[in-house]
Amino acid sequence: MPLTRSKPKTKKHLSDNDYQMEQSLISSANLQAFFETLLQSGRIVVAPVLKQSGKVFFQPVQAYSEVATDYIQTAFSAKSVVFPKVETLFSFVRKDGEITLTDSLNRIPETVVWGLRPCDAAGFDYLTEFFLRENPDSYFKTRKEHTTLITFGCKEADNACFCTSVGLNPGNTTGSDILMTFMNEECYVEIMTEKGQQAVALAPSLFKASEVRQKDAFLAKPATRFSIDEIKDKIKHAYASAEWKQVSLGCFSCGACAFACPTCTCFDIQDEGTQDKGVRLRCWDACGFGMFTRHSSGHNPKNNQTERRRQRLMHKFNYSVDNLGIVSCVGCGRCIRVCPAHLNIFENILSVTKD
Amino acid sequence: MMKALQNKVTELFENGTITLMIGFRGVLDKFAIPVFITEVSQADQLIWTPACLNNLSVYLHKSEVKQVGKIGIIGNAGTLRSLLQLISENQLKELELTILTINEQNEVIVFASTEELEVYVQANCPAYNPEDQALVDKLNAMTREERWKYWTGQLSACVKCYACRAVCPMCYCSVCTVECNQPQWIKLSSETEGNLEWHIMRAMHLAGRCINCGECGRICPAGIPLQLLTVQMNQEIERAFGGKTGFSAKSGYALNTFKTEDKETFIR
């Protein structure tokens, strides 16, 4: 029997609001003007930027010219916008026996993430479920409320992409506030939420109304590696599979997969400073690390890489289904591209669920 | 050549020389993935292409691998040099190891002895990658302020996934300093200052031990050219003490040896 603390409730996407979806068109030439309008509105705009290393990373930009357009996927996801790698929860000062706490939440700026992929947007949807479902996390909630997600459908996919295997596709709207799809010289715009509408309302003249269009012909067709319904069923019985050892032998025990992943949420709380002045921080953690589940006694229930790799894959395809009703892998393929040993998540999943 | 490798490995399995072969297999066109062959029937998975970049010697520290027994390993230049360095640091003593490579003439070589490996490495494996050397020279030509700006800029992108440590065959401490938390020597949070602390510590621990395989920089998810730190430190050690790492199984390393005739004039 899987351990389920509470019965999964009906999934309620943040994007499933009362907003009536709208469609419009923007010319490719006007995209830049829209981008600049967002910048001028005082919002922080986070977009993909090509670095000297040849990798593309999300980071705040000041001009449209900085934005990378020719890339399949960024090296890291954009989750750091709502779940930073290091987040100050509060700071404290002790003076003359008095302790003063300062909350860090009143400084969250209005932010637009530009250039997400549909899998990334779906990742934000999972994060929202994870952080807000049962015990709402005020830090995540505040950041998410101040974030608008502008996604671009994928024209190209590579061999690591497998969104269609986890029930998503290169044009899914899940999680996006706006989804743009390039169609020749125009961009088809699906405005999914009120936040999306507010962004468009900053420069309404750049957009013109459109009928509903078929996007498929303009989107990539990544290979489908498995049927998610079959996998969800089979993986329930995969815990004891002898294959876990083989699929994890190459694992180096680093945190690259978890830190690149749009849906990995593990964190570690750290205090830094002195007794008189310091901060409490929330830092990313990863199940690949040897310290991950080590108890203060020294005992570690996940004492080797086989158990830790199993934890990661079972969490994505089984535990999160039990807990939240969602497969928490969005098929972006980042963990495959970033892994120093190129461990392949879909290959591994197929190995441990084979009959 | 690939067939010759597969045949040789089959032979090694069949005559009982090895029970595990660590090599590469191909998948998803551009990647070569480390593979662990435990049955002779799997030997046909083995490939040898320019994409076989990983330094496989790091797996020899892994307990699951050590347990298997007689290990065969195929090495590119970096792997062969790190094997020599690991032997010199007494790290491979308890292993029954068969080391293979493929030379420039595409011939499979099985090294019969450590001496043979030394001869091959000295003749065929470069000490430094010329591209790394050019970048190090460029950094050394900068002013101190420019260099500081360069490295703080680069290291602010570090997320402390510790992949650099994980892929490094010379990072074999069973408990790393960053994992000591009473007290916490190195900040766990991944911000520029804590990132600098971590990478400075790593470079110092590898000074004169790093074999410049460049894996740390090659695999860094954040794209930071981390190998430049250890290449620079190695060259400092070379200038001060002479000798290059990873060319001899007996060299030890400069910061862990002493001679009675050392002048010690630096002690005041």
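How many ångströms separate the centres of domain 1 of chain B and domain 2 of chain B? Hold that thought for a second. Before I answer, please remember that what's on the screen is a predicted model.

Okay, the answer: the two centres, taken over C-alpha atoms, are 26 Å apart. The domain assignment puts domain 1 at residues 2-124 and domain 2 at residues 130-256 of chain B. And these two do touch: 20 residues of domain 1 are in contact with 22 residues of domain 2.

Let's stay with chain B and look at the whole thing. If you count up its secondary structure, you get 10 helices and 5 strands. Its C-alpha atoms fill a box of roughly 60 × 50 × 40 Å along the principal axes. So is that what you'd expect from a compact globule, or not? Well, for 268 residues the rule gives a radius of gyration near 18 Å, and chain B comes out at 20 Å, which agrees.

What about the inside? Buried residues make up 51% of chain B. Now take the contacts between residues at least 6 apart in sequence: 67% of those join residues at least 24 apart.

Next, the nonpolar cores. The largest one has 115 residues, and the members that touch the most other members are Val9(B), Met21(B) and Ile22(B). This core takes at least three residues from each of the two domains of chain B. Apart from it there's another core, with 30 residues, and that one includes Cys163(A), Ile228(A), Cys257(A) and Cys335(A).

Let me zoom in on Ile22(B). Which residues does Ile22(B) touch, leaving out those up to four places away in sequence? Among them are Val35(B), Phe36(B), Leu56(B), Tyr59(B) and Leu60(B). Further along the chain, you can also pick out Val65(B), Ile71(B), Gly72(B), Ile73(B) and Ile74(B).

Last stop, chain A, and one helix there: α8, residues 305-324. Let's walk along it. At the start, a side-chain oxygen of Asn304(A) reaches to within 3.1 Å of the backbone nitrogen of Thr306(A). Keep going and you hit a kink of about 60 degrees, centred on His315(A). Then, just after the helix, Gly325(A) takes a positive phi of about 80 degrees. And is this helix mostly covered or mostly open? Mostly covered: 16 of its 20 residues are buried.

That's my tour. Find His315(A) on your own screen and have a look at the kink centred there. Thanks, everyone!

Methods. Residues are numbered from 1 along each chain as its sequence is written. Chains are lettered from A and ligands numbered from 1 in the order in which they are written. This is a predicted model: local features need pLDDT of at least 70, side-chain atom pairs count only at pLDDT 80 or more; totals for chains, interfaces and linings use all residues. Side-chain values use heavy atoms; hydrogens and water are left out. The bend at a residue is the angle between axes fitted to the seven residues ending there and the seven starting there. Helices (H or I, at least four residues) and strands (E, at least two) are DSSP runs, numbered from the N terminus. Buried means under 20% relative accessible area, exposed over 50%, partly exposed in between (1.4 Å probe, protein chains only). A polar contact is a pair of N or O atoms within 3.5 Å; within protein, one must be able to donate a hydrogen and the other to accept it, and residues adjacent in sequence count only if both atoms are side-chain atoms. A nonpolar core is a set of buried Ala, Val, Leu, Ile, Met, Phe, Trp, Tyr and Cys residues joined through side-chain atoms within 4.5 Å. Domain bounds come from an automatic or database domain assignment. Contact means heavy atoms within 4.5 Å. The radius of gyration is taken over C-alpha atoms; the globule rule is 2.2 Å times the number of residues to the power 0.38.
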